[in-house]
Amino acid sequence: MNIPKNHQTVMPYLILDGALQFIDFTKNVFNATVLHAPTLRDDGTAQHAEINIHGCTIMVADATEDWKPQTANLFVYVPNADESFKKAMEEGATELMGLSDQEYGRTCGVTDPFGNVWWITSVNEFTI
């Protein structure tokens, strides 16, 4: 099986209102990098873009009349859940589940300004 570079077998593809702002959100909160610069439609909305968060690629596009917004729940491991939670809140996210220590790590949940839910978790050396 052939898979393009920087892709994985299963990849989220989010169709959003505000795809370009979503890319900025992920860059600011999760240090995402842009793998495929947004291809823009004539009206300036994103037809397709790809970001990478710590080795995982997410495809994203702006919604259209034919393709309505389709958000997701995303579980993301980060180096420091407290720091990512703080950044997410500063970038307009709303708290879904406050920071807490669980058997699987330090975790929280937020909803980003685009309707996606992020389950943010950092694992300490005692968890793995």
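These are my notebook entries on a sheet, its cysteines and one serine in a predicted model.

**Entry 1: the sheet**

I began with the strand order, and I found an open sheet of four strands that runs S1-S4-S3-S2 with mixed pairing. Strand S1 (13-16) and S2 are the edge strands, since each of them pairs on one side only. I also looked up how the neighbouring strands of this sheet are turned against each other, and the average is 15° when direction is ignored. Helix H1 (residues 19-30) packs on the sheet and touches S1, S2, S3 and S4, while its direction makes about 10° with that of S3.

**Entry 2: the strand pairs**

Next I followed the pairs one by one. Strand S2 (residues 33-40) pairs with strand S3 (residues 46-53) in the antiparallel sense, over five bridges. Within this pair I noted that Glu50 in S3 stands opposite His36. The hairpin of S2 and S3 has five residues between the strands, and there Gly44 takes a positive phi near 90°. On the other side, S3 pairs with strand S4 (residues 56-62), again antiparallel and over five bridges. Here Ile53 has Cys56, in S4, as its bridge partner.

**Entry 3: the cysteines**

Having met Cys56, I asked myself how many disulfides the structure holds. I found zero disulfides, and I reminded myself that such a bond is a covalent one between the sulfur atoms of two cysteines. Why is the sulfur of Cys108 not bonded to the closest cysteine sulfur, in Cys56? The two sulfurs are 18 Å apart, which is too far for a bond, because a disulfide needs the sulfur atoms within 2.5 Å. I then looked up the accessibility of each cysteine. Cys56 counts as partly exposed because its relative accessibility is 44%, a value that lies between the cut-offs of 20% and 50%. Cys108 has a relative accessible area of 0%, so it is buried.

**Entry 4: Ser122**

My last entry concerns Ser122, which I located in strand S8 (residues 117-122). Is Ser122 buried or exposed? Its relative accessibility is 10%, so Ser122 counts as buried, given that buried means under 20%. I then listed what surrounds this serine, leaving out residues up to four places away in sequence, and I found that Ser122 touches Val78, Pro79, Asn80, Ala81, Gly105 and Arg106. For Ala81 I could add a detail, as its backbone nitrogen lies 3.2 Å from a polar atom of the side chain of Ser122.

Note on methods
Residues numbered from 1 in each chain as written. Predicted model: local features only at pLDDT ≥ 70, side-chain atom pairs only at ≥ 80, totals over all residues. Heavy atoms only, no water. Helix = DSSP H or I, 4+ residues; strand = E, 2+ residues; numbered from the N terminus. Buried < 20%, exposed > 50% of the residue type's maximum accessible area, 1.4 Å probe, protein only. Polar contact = N/O pair within 3.5 Å; in protein donor to acceptor, adjacent residues only side chain to side chain. Contact = heavy atoms within 4.5 Å. Pairing = 2+ DSSP bridges. Axes fitted to C-alpha atoms, helices over the stretch in contact; angles between N-to-C directions.
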